[in-house]
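The following paragraphs lead through the strands, the nonpolar core, the turn and the side-chain pairs of one chain. The reader may wish to keep the sequence and the model in view throughout.

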Amino acid sequence: MLTMTLEEAQTHLAEVIAKLAPGEEITITRDARPVAKLIGQSGRQPSPVFGRGEGKVVIVAEDDDHLRDFEDYMP
């Protein structure tokens with residue numbers, strides 16, 4: 001894990017980000033105290049996993065009886 005001062009990070013931020021590998025961490029310090037952490041991200045976007053929500057939705061009733069209280073709000 002690398003450490004750099006806030007002043008160094010401000011001066012060379014674009015270069016630091018360009019060289020940051022996925023998962024690599026850089027701690028930014030001010031007055032010798034850590035104030036922020038940069039963590040390299042991978043370029044890929046996470047893809048959905050189909051079937052992950054299976055069984056999480058339960059339909060209690062399949063009729064319109066439960067909607068009678070909302071008739072005033074429907075067109």
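A residue is called buried when its relative accessible area is under 20%, exposed when that area is over 50%, and partly exposed in between. The structure shown is a predicted model. With those cut-offs, K37 is classed as partly exposed because its relative accessible area is 48%.

K37 is a useful point of entry, for its side chain meets that of E25 in a salt bridge, with a distance of 3.6 Å from N to O. A search of the whole structure yields one salt bridge. The pair links distant parts of the chain: K37 belongs to strand β3, residues 33–39, while E25 belongs to strand β2, residues 25–30, and twelve residues separate the two. E25 also counts as partly exposed, because its relative accessible area is 27%. Side chains of opposite charge can pair when their charged atoms come close.

The two strands that carry this pair are themselves joined. Strands β2 and β3 pair in the antiparallel sense over six bridges. In this pairing, E25 has I39 of β3 as its bridge partner, whereas the salt bridge of E25 is made with K37.

On the matter of the turn, β2 and β3 form a hairpin with two residues between them. D31 is found in the loop between these strands, and A32 lies in that loop as well. Most residues other than glycine have a negative phi, and most peptide bonds are trans. D31, although not a glycine, has a positive phi of about 55°. A32 is likewise not a glycine and has a positive phi, of about 65°. D31 is exposed, because its relative accessible area is 71%, and A32 counts as exposed because its relative accessibility is 76%. The residue R33 is found in strand β3 and is exposed, with a relative accessible area of 63%. The C-alpha atom of R33 is separated by 23 Å from that of K19, although the two residues are 14 apart along the chain.

Strand β2 has a second partner. Strand β1, residues 2–5, pairs with β2 in the parallel sense over four bridges. Within this pairing, L2 stands opposite I26 of β2. Between β1 and β2 the chain passes through helix α1, residues 6–19, and the resulting β-α-β crossover is right-handed.

What do the residues of β2 touch? T27 lies in strand β2 and, leaving aside neighbours within four places in sequence, is in contact with M1, L2, T3, M4, P34, A36 and K37. T27 is buried, because its relative accessible area is 10%. T29 also has its place in strand β2. Not counting residues up to four places away in sequence, T29 touches T3, M4, T5, L6, P34 and V35. T29 counts as buried because its relative accessibility is 13%.

Attention may now turn to the nonpolar side chains. In soluble globular proteins, nonpolar side chains tend to be buried together. The largest nonpolar core here has six residues, namely M4, A9, V16, L20, I26 and I28. Helix α1 and strand β2 each supply at least two residues of this core. V16, one of the core residues, touches M4, I26 and L38 when residues up to four places away in sequence are not counted. I26, also in the core, is the residue that L2 faces across the pairing of β1 and β2.

The aromatic side chains remain to be considered. A pair of aromatic rings is described by the distance of the centres and the angle of the planes. The count of aromatic pairs comes to one. This pair is formed by F70 and Y73, with 6.5 Å from centre to centre and 50° between the planes, and is tilted. F70 is partly exposed, because its relative accessible area is 45%. Y73 counts as exposed, because its relative accessibility is 68%.

In summary, β2 pairs with β1 in the parallel sense and with β3 in the antiparallel sense. The crossover through α1 is right-handed, and α1 and β2 each give at least two residues to the largest nonpolar core.

Methods
Residues numbered from 1 in each chain as written. Predicted model: local features only at pLDDT ≥ 70, side-chain atom pairs only at ≥ 80, totals over all residues. Heavy atoms only, no water. Salt bridge = Lys/Arg side-chain N within 4 Å of Asp/Glu carboxyl O. Buried < 20%, exposed > 50% of the residue type's maximum accessible area, 1.4 Å probe, protein only. Phe/Tyr/Trp six-rings, centres within 6.5 Å; stacked < 30°, edge-to-face > 60°. Contact = heavy atoms within 4.5 Å. Pairing = 2+ DSSP bridges. Right-handed = clockwise from strand over helix to strand, strands pointing away. Core = buried A, V, L, I, M, F, W, Y, C linked by side-chain atoms within 4.5 Å.
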